[in-house]
Amino acid sequence: MTLTPTTSSRTEAELQQMARDHLWMHFSRQSVMTDGPGVPIIVRGEGHHIWDSHGKQYVDGLSGLFVVNAGHGRRRLAMRAARQSEQLAFFPLWSYAHPSAIELADRLAGYAPGDLNHVFFSTGGGEAVETAFKLAKYYWKLQGKPTKHKVISRFIAYHGTTQGALAITGLPGMKSMFEPVTPGGFRVPNTNYYRAGEMGFPGGTPEQFGQWAANRIEEMIQFEGPDTVAAVFLEPVQNSGGCFPPPAGYFQRVREICDKYDVLLVSDEVICAFGRIGEYFACDAYGYKPDMITFAKAVTSGYAPLGGTIVSDRIYEPFAHGDASFPHGYTFGGHPVSTAVALENLDIYEEEGLLQHVRQNSPAFRSTLEKLTDLPIVGDVRGDGYFFGIELVKDKTTKETFDDEESERLLRGFLSKALFDAGLYCRADDRGDPVIQLAPPLTIGQNEFDEIEQILRGALTKAWARL
């Protein structure tokens with residue numbers, strides 16, 4: 001078929017051949033193109049739907065990649081980008097500034113909790129984490145504590161793919177091929193209550209598990225030595241492994257531990273910020289104040305690339321006076337077009353009450369997905385806001401999971417394609433135990449919840465029959 005001129009003048013066959021010959025996709029098996037039928041080509045988005053090059057419509061159950069929070073096809077965001085491009089398409093933040101970066105920094109500081117008043121822009125989440133890691137180490141050197149360089153994060157947590165961020169990422173399968181990575185990363189248990197016993201928790205309530213998990217951070221700090229630990233990096237809701245929300249009191253205990261041992265707390269909100277959990281910053285949803293916040297993705301709803309690191313007055317102070325500088329930056333960090341789009345995107349949030357919409361509708365989203373627990377393959381439904389994971393199991397009673405070969409057949413061999421064929425774009429992931437992840441645009445409601453549940457029910461029922 002021939003695509004419409006607004007998309008491409010190439011035929012489907014031409015595009016597939018060009019992709020096969022030249023395109024290297026991210027986090028993907030290239031054999032899908034070189035040896036397989038080709039790659040799905042997405043050509044259009046509108047609201048919570050996307051369309052492929054054959055004209056088929058799908059529900060975007062992942063907001064692209066936890067990104068398009070305000071929904072696809074927002075003409076006003078495209079127009080804002082065009083206006084900014086005409087006025088000032090590019091200028092760096094290297095000893096100069098421009099209005100949209102200044103205004104956005106001011107606005108984000110207003111949304112951030114406490115004294116997190118200073119924004120260092122990047123172009124994405126990995127760069128934001130890299131910035132926080134480097135800044136934490138440099139900050140302690142300026143405080144006369146140069147041995148504080150280690151970082152603590154949680155098992156199977158994902159924090160980025162740059163060499164520094166890989167030291168924080170807790171997924172061995174994403175790091176072994178790039179070793180040696182930056183040294184100094186140490187892992188503690190995550191907050192997956194469903195698998196708490198496997199991590200060594202002796203048993204009890206979710207709140208008791210939260211205290212136990214937080215105390216493992218203190219134990220790690222003590223073991224490594226407080227004079228060597230620079231920072232703890234935690235997502236408000238851990239993404240990798242399938243949406244682990246924090247038990248009540250968990251982050252309050254973590255904050256106490258960090259204060260006790262003079263360790264910085266970094267809230268990695270690359271996914272959780274800008275409404276995913278119903279607040280601009282999810283640390284507000286869970287009642288804690290970090291020393292730094294990393295963000296990206298939904299700050300522009302994906303209409304332009306942008307990320308950043310928000311830091312407290314305490315961390316900024318050594319750089320506020322005299323000749324000290326932070327010798328770090330990115331050519332496109334705080335790009336004029338991206339920051340202008342972000343301002344317009346945040347206007348949409350305010351005008352349409354998207355944060356309130358998520359808070360009001362999250363319980364209904366959860367209860368709709370929990371209907372799937374009547375299926376023998378569904379072990380757990382967990383998450384918060386508009387961010388949920390569905391863990392798949394072989395045996396609901398014992399919580400027995402799938403081995404590597406079964407996971408390969410289940411997720412890559414069947415479910416990913418089956419869900420897509422059924423009209424739902426989401427993530428079937430096995431970086432921990434096998435899960436289905438959902439993070440749709442913040443604009444959807446009960447009708448879409450029901451549609452997602454029905455598609456999942458059909459595909460998961462077929463998956464179980466195949467097993």
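## A guided tour from strand to core

Start by selecting histidine 49, which stands opposite valine 59 in β3. (Strands here are DSSP runs of E, at least two residues long, and helices are runs of H or I of at least four residues, both numbered from the N terminus; two strands pair if DSSP finds at least two bridges between them.) You are looking at a predicted model, so local features need pLDDT of at least 70 and side-chain atom pairs count only at pLDDT 80 or more, while totals for chains, interfaces and linings use all residues. Residues are numbered from 1 along each chain as its sequence is written, and side-chain values use heavy atoms, leaving out hydrogens and water.

**Stop 1: the sheet around β2**

Now show residues 49-52, strand β2. In a regular strand the side chains alternate between the two faces of the sheet. Here His49 and Trp51 point one way, Ile50 and Asp52 point the other way, and all are buried, meaning under 20% relative accessible area (exposed is over 50%, partly exposed in between, with a 1.4 Å probe and protein chains only).

Add β1, which runs antiparallel to β2 and is joined to it by 4 bridges. Arginine 44 has tryptophan 51 in β2 as its bridge partner. The β1-β2 hairpin has 2 residues between its strands, and glycine 47 in the turn shows a positive phi of about 65 degrees. Next along, β2 and β3 are antiparallel too, with 3 bridges; their hairpin has 4 residues between the strands, and glycine 55 takes a positive phi near 90 degrees.

Zoom out to see the whole open sheet: 4 strands in the order β1-β2-β3-β13, with mixed pairing. Its edge strands are β1 (42-46) and β13 (424-425), each pairing on one side only. Between β3 and β13 there are 2 bridges, and these strands run parallel.

**Stop 2: aspartate 60**

Select aspartate 60, in strand β3 (residues 57-60). Aspartate 60 stands opposite tyrosine 425 in β13. Which side chain of opposite charge is nearest to aspartate 60? That is arginine 276, 8.2 Å away; aspartate 60 is buried yet has no salt bridge. (A salt bridge puts a side-chain nitrogen of Lys or Arg within 4 Å of a carboxyl oxygen of Asp or Glu; Lys and Arg count as positive, Asp and Glu as negative, and His and the chain ends are not counted.) Instead, look for the side chain of aspartate 60 reaching the backbone nitrogen of serine 63 at 2.9 Å. Beyond four places in sequence, aspartate 60 is in contact (heavy atoms within 4.5 Å) with residues including His48, His72 and Pro440.

**Stop 3: β9 and its partners**

Move to strand β9 (residues 292-295), where Met292 and Thr294 on one side and Ile293 and Phe295 on the other are all buried. Strand β8 (residues 264-268) runs parallel to β9, with 3 bridges, and strand β10 (residues 307-312) runs antiparallel to β9, with 4 bridges. Phenylalanine 295 has glycine 308 in β10 as its bridge partner.

**Stop 4: the core**

From Phe295, step to phenylalanine 274, whose contacts beyond four places in sequence include Phe295, Leu108, Phe281 and Leu442. Phe274, Leu108, Phe281, Leu415 and Leu456 touch the most other members of the largest nonpolar core, which has 100 residues. (Such a core is a set of buried Ala, Val, Leu, Ile, Met, Phe, Trp, Tyr and Cys residues joined through side-chain atoms within 4.5 Å.) Apart from it lies another core of 21 residues, among them Val151 and Ile315.

**Last stop: alanine 97**

Finish in the loop between α4 (75-87) and α5 (99-111), where you will find alanine 97. Alanine 97 counts as partly exposed because its relative accessibility is 48%.

Key
Polar contact = N/O pair within 3.5 Å; in protein donor to acceptor, adjacent residues only side chain to side chain.
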